[in-house]
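Let's take a friendly walk through this structure, looking at how some of its helices pack and how some of its charged side chains pair.

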Amino acid sequence: MSALETEPFDVLVVGGGIQGATIARAAAGRGLRVAVIDAADWGSGASANSLKIIHGGLRYLQHANLVRMRESIRARRRLLQLAPDTVVPLACIMPGRGWGLRHPAALLAALTANALLSADRNRGVPPGRFLPAGRLISRAGLESRVPAGRFRDETGGMVWHDAIAQDIDRLTLAFVQAAAARGAVAANYVRALRWRQEGTRIAGAEAVDALTGAPLEIRARQVVCAAGPGAGPLAPGAGAARWVKAINLVLKKKLVEDCALAIESKAASYDSQAVIQRGHRNFFVVPWQNGTLFGTFYVSYDPAQDPLAATESEIAEFVRQINETGFFAPLAMADVCRAHAGAQAAGAQATEPAANTKIVPAAPGLWIVQGVKYTTALETADEVADILAPRSVRPADEPFPWREAPADLDQLVAQAVREEMAVRLEDVVLRRSQLGAFGLPERATLARCAQAMAGLLGWDERRRAEEIDTLLAAHRRPGAAANG
């Protein structure tokens, strides 16, 4: 914390989600002196609430956007190289039927184009992480891969391969740690209040330690704000004008085993970027840990008025639309053990996410970065670093020295606090471990974690109780029964 005030920086990055974390790493790799801060914990916003799939951009074929697809393919390959311990291949299946975009001929055309555009998908990737070629499968093949599915007029389908980040929270943290290893000063729970100015230029930020209330003044020649909706109060008019809330559901029951399934919703949907309209949005059913992820459901979102957490009515509508597809036995609200929600910039439609990343020069010395995709944050970060240090050379990617969360609770807390910047109970439970993966653990487990953190951070009994109560109030699923 002291280094934030005592050192002048070349770049201050505001926002420690995947966009800010990768920008900090890229800028530090160009030899720039970097500071990166976040108002809460690393990756605790939209980055923590992703569907965890590392996409190669197959859907951009529908948009005829081959440039964007190639960007996604490159970024997916880089993530497989950087973090092969957590980013692993994932088979994805799209059932086929009838005519139109799901006819076998259309699926074969998509697979052929994907094969050509991703011919270098395994270059430099560890052999155990190679992505196989796609293929068509029969109706029998479809049923054998997804035995819990209820297929009707499907004649078969196509299989292609993307990747999945088994622990996306620790992956985001790994980018922050990689930035720090390159010399960046990183501090979570530091909130930027307003920009610091020197003449007409933005030259850092006036901030506050969100844990103690202590004011901070951070000096920097350039500022990059990648704070999502948090950019609005800092730079009015420079960020997105409209937002959507992206919701993904977590179920403890396993509906798919070793592959993700793309199912078509019944609700009408218009894709403003598509050359050929599909008419309906795809929902992805993703195997994760010992459960299932469903995503993604979008609703319009006003950061100034609406709660970011998914409401009971939003969860209920998502469950209703999933059941409406008829692909699985009907889900009940009780099957949903956790609901992720994150804010994304809106596209042309009120409930459509933006398709393209924006890097906006908002004022002299200030850049606003509006990312749209976890996978391509790496590519966006290099583009930003090219702007910040135009004469620099991009360093080669080096695999992260990956560390898993220890199984022993005391060791887990010690590692999280001493080496991974965990300072709140929710940091340990929700992002440094899988303790909260399928809903919050029982109160007794929370108490044990809080007790272990208290010994390392000097918490008294009142602070321990506050941490537990705050976590329960903020992250219990709406309508869910209390634990313990």
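How are α11 and α13 oriented to each other? Their axes lie 10 Å apart and pack at an angle of about 45°, so α11 and α13 are oblique to each other. Here axes are lines fitted to C-alpha atoms, for helices over the stretch in contact, and angles run from 0 to 180 degrees between N-to-C directions. Angles under 35 degrees count as roughly parallel, over 145 as roughly antiparallel, 65 to 115 as roughly perpendicular, and the rest as oblique.

## About the model

This is a predicted model, in which local features need pLDDT of at least 70 and side-chain atom pairs count only at pLDDT 80 or more, while totals for chains, interfaces and linings use all residues. Residues are numbered from 1 along each chain as its sequence is written, and side-chain values use heavy atoms, with hydrogens and water left out.

## Helix α13 and its neighbours

Helices (H or I, at least four residues) and strands (E, at least two) are DSSP runs, numbered from the N terminus. Helix α13 covers residues 443-457, and its 15 residues should span 21 Å at 1.5 Å a residue; the expected span is 1.5 Å times one less than the number of residues. The end C-alpha atoms of α13 are 20 Å apart, which agrees. After α13 comes Gly-458, with a positive phi near 75°.

The buried residues of α13 (buried means under 20% relative accessible area, exposed over 50%, partly exposed in between, with a 1.4 Å probe and protein chains only) are Leu-446, Cys-449, Ala-450, Ala-452, Met-453 and Ala-454. They pack against α11 (409-419), α12 (425-431) and α14 (461-475).

The crossing of α11 and α13 is right-handed, meaning that the near helix is turned clockwise from the far one by less than a right angle (anticlockwise would be left-handed). Residues in contact (heavy atoms within 4.5 Å) include Leu-409, Val-413 and Val-417 of α11 and Cys-449, Ala-452 and Met-453 of α13.

## Helices α2 and α10

Now to another helix pair: α2 (residues 18-29) and α10 (residues 377-388) have axes that come within 8 Å and cross at roughly 45°. That makes α2 oblique to α10. The crossing is right-handed, and its contact residues include Ile-18, Thr-22 and Arg-25 of α2, together with Ala-381, Asp-382 and Ala-385 of α10.

## Salt bridges

Side chains of opposite charge can pair when their charged atoms come close. A search of the whole structure finds 38 salt bridges, each a side-chain nitrogen of Lys or Arg within 4 Å of a carboxyl oxygen of Asp or Glu. Lys-245 and Glu-314 form one of these, with their closest N and O atoms 3.0 Å apart. This pair links distant parts of the chain: Lys-245 sits in strand β11 (residues 243-251) and Glu-314 in helix α9 (residues 312-325), 69 residues apart. Lys-245 counts as buried at 2% relative accessibility, and Glu-314 is buried too, at 15%.

Lys-254 and Glu-257 also meet in a salt bridge, at 3.7 Å from N to O. Lys-254 is partly exposed at 36%, and Glu-257 is partly exposed at 47%. Arg-394 and Asp-386 pair at 2.6 Å, N to O; Arg-394 is partly exposed at 45%, as is Asp-386 at 30%. Salt bridges that share partners join these two residues into one network with Arg-25, Arg-30, Arg-74, Arg-78, Glu-379, Asp-382 and Asp-397.
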